[in-house]
Amino acid sequence: MRATLEIAGIGIGPANLSLAALCEEAGESSRARFFDRKPAFAWHRGMMLPGARLQCSWIKDLITPIAPTSRFGFLSYLADRGRLFAFVNAGFEAVSRAEFADYLAWVAERLPGLQWNSELRDIGFEDGAFTVHAGRESVRARHLVLGLGHEPSLPACLEPYRGTHCVHAAEFLERTLPLARKRVAVVGGGQSGAEIVLHLLRMANPPARLTWISRRSNFLPLDETHFSNEHFTPAYVEHFFSLSVERRSELLREQRMMSDGISPSTLRELYAEVYRLQFLERGAPGPRLLPGRSLVACAMVNDAFRLEIRAEDTAIREALAADVVIAATGYRTALPSCLEKLRIVRDPATAALQLGRCYAAAWDGPPGNRIYLQNAGRWSHGIADPQLALLAWRSATILNDALGREVFALGGTASVISWSRNAEHSVLADSCE
Ligand SMILES: Cc1cc2nc3c(=O)[nH]c(=O)nc-3n(C[C@H](O)[C@H](O)[C@H](O)COP(=O)(O)OP(=O)(O)OC[C@H]3O[C@@H](n4cnc5c(N)ncnc54)[C@H](O)[C@@H]3O)c2cc1C
């Protein structure tokens, strides 16, 4: 094993790629190594549907909000690809996901210290450092940064049928699904479900019958209005972190549609497609749209799925047949089992990881060695955590804490809203007290 590193990063999605870019920008990349099980950088390939767009500004790329002059920013990528003027002229409302994925891969190609084909095999702690065994490599590092993303999550009743005819949205484009002239059911009323339904409606050989099931009371929009976007700022994250566990849970429920709704542009396109099929194309049945329904059971009958759904409003149960089921039912946190031995502390009530302000988990080891978690802090840091919006700021927060100095200034905390302070006697500057 070589000399002890400062940081071993496991997983190289956008989160740890941002941290790797900041390390290189700060001249610290020789003190960090990052490992990923994939053979090369790829971003949600199974959902790279034509026309899919980024749900936040491209300015919130891997590094720009923290180091706006960095050579790893989206503008440098455009300039390097020779299309900066064309990009400006295009006047896109939002960047395509395909272009952003290409930008991420472009950054990955330019960073040292990224190790591919390196699945985490084992992890331990001895003599004041973590020992990380990933792929064929073993390294020692003072701190760990886990950026492992989330696992696709299927409803329990679909789990036994996972295979060629029942897939999670994450695999949609990576499987050759038999869709043409089949009965297809899409389960899940978020952005992924909406994008898949739109894609199926536009296919040259579409399904014979398309059904879209969502537990939500309607196909609800993403709230991306100005004041809601203030929840995706460092100022709000600081505020959210200072609140009680109970208050945080209330707010997460209230703010759900600010992160999990469907982009208004996708809804507009979907409605236009449904209108075209239902009213203008004679003989083509429109899709069957079933919001307010929960999938409660699934069975195989005569080589087809028999899906049992329950209406949320009336509790009435209905059954429908499908040849193919696509579950756009979200993701869940799943840490590799070898991490168990580090005894990372979980909240006894919610089982959520207990993260500190700088994203370090409470664990059963020396406080000078930290286990940071990227994209695992929705409960502690709020709805921005699973999104791209604060990648650079979160990575800079982690890097400063890990190296014990202000490598990057964490500005950007100005907000148009005065969030309440959680100090007992705090008073507004112009209050009468
Ligand atoms: C289809 C889709 C579109 C999205 N679009 C947007 C958007 O437009 N705007 C937005 O703000 N957010 C978006 N998100 C949410 C979020 O930004 C992304 O999920 C983002 O990829 C999260 O980055 P990450 O690095 O935390 O995780 P991931 O991108 O999931 O990366 C995790 C990495 O860890 C690796 N890994 C996992 N386990 C191991 C292991 N045991 N050993 C080694 N490596 C391992 C994986 O191979 C993977 O490369 C989207 C999410 C999805 C699913």
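In helix 1 of this predicted model, the buried residues are Pro 14, Ala 15, Asn 16, Leu 17, Ser 18, Leu 19, Ala 20, Ala 21, Leu 22, Cys 23 and Glu 24, so that eleven of the twelve residues of the helix count as buried, a status that requires under 20% relative accessible area. The cover over these buried residues is drawn from several elements, among them strand 1 (5-10), strand 2 (32-35) and strand 3 (114-115), and it also includes helix 4 (97-109), strand 6 (137-146) and helix 10 (391-403). The length of helix 1, which runs over residues 14-25, can be checked against its residue count: at 1.5 Å a residue the expected span is 16 Å, and because the C-alpha atoms at its two ends are 16 Å apart, the expected and computed values agree. Just after helix 1, the backbone at Gly 27 takes a positive phi of about 70 degrees.

Ala 15, one of the buried residues of helix 1, also leads to the ligand, since a backbone N or O atom of Ala 15 lies 3.0 Å from one of the ligand's oxygen atoms. Two side chains make comparable approaches to ligand oxygen: an N or O atom in the side chain of Asp 36 is 2.6 Å from an oxygen atom of the ligand, and a polar side-chain atom of Trp 43 lies 2.7 Å from an oxygen atom of the ligand. The protein covers 89% of the 980 Å² of accessible area that the ligand has on its own. Around the ligand there are 27 residues, of which Asp 36, Lys 38, Trp 43, Gln 55 and Leu 388 come nearest, and sorted by class this shell holds 13 nonpolar, nine polar and five charged residues.

A separate set of contacts is centred on His 168, which is found in strand 8 (residues 166-168). With a relative accessible area of 1%, His 168 falls under the 20% limit and is therefore buried. The side chain of His 168 reaches the backbone oxygen of Gly 330 at 2.8 Å, while a polar atom of that side chain lies 3.5 Å from the backbone nitrogen of Ser 153. Once residues up to four places away in sequence are set aside, His 168 touches Pro 152, Ser 153, Leu 154 and Arg 162, along with Ala 327, Thr 329, Gly 330 and Tyr 331.

Ser 153 itself belongs to the loop between strand 7 (151-152) and strand 8, and its relative accessible area of 18%, being under 20%, means that Ser 153 is buried. With residues up to four places away again left out, Ser 153 touches His 168, Thr 329, Gly 330, Tyr 331 and Arg 332. Ser 153 and Ala 327 are 174 residues apart in sequence, and yet their C-alpha atoms are 8.5 Å apart in space.

Ala 297, in strand 12 (residues 293-301), offers another case to examine. Its relative accessible area is 26%, and because this value lies between 20% and 50%, Ala 297 is classed as partly exposed. Leaving aside its neighbours within four places in sequence, Ala 297 is in contact with Cys 157, Arg 306, Leu 307 and Glu 308. Ala 297 and Val 237 are 60 residues apart along the chain, and their C-alpha atoms are separated by 39 Å.

Note on methods:
Residues are numbered from 1 along each chain as its sequence is written. This is a predicted model: local features need pLDDT of at least 70, side-chain atom pairs count only at pLDDT 80 or more; totals for chains, interfaces and linings use all residues. Side-chain values use heavy atoms; hydrogens and water are left out. A residue is near a molecule or strand if one of its heavy atoms lies within 4 Å of it. A polar contact is a pair of N or O atoms within 3.5 Å; within protein, one must be able to donate a hydrogen and the other to accept it, and residues adjacent in sequence count only if both atoms are side-chain atoms. Accessible areas come from the Shrake-Rupley method with a 1.4 Å probe; for residues, only the protein chains shown count as cover. Ala, Val, Leu, Ile, Met, Phe, Trp, Tyr, Cys and Pro count as nonpolar, Asp, Glu, Lys and Arg as charged, and the others, Gly among them, as polar. Helices (H or I, at least four residues) and strands (E, at least two) are DSSP runs, numbered from the N terminus. The expected span of a helix is 1.5 Å times one less than its number of residues. Buried means under 20% relative accessible area, exposed over 50%, partly exposed in between (1.4 Å probe, protein chains only). Contact means heavy atoms within 4.5 Å.
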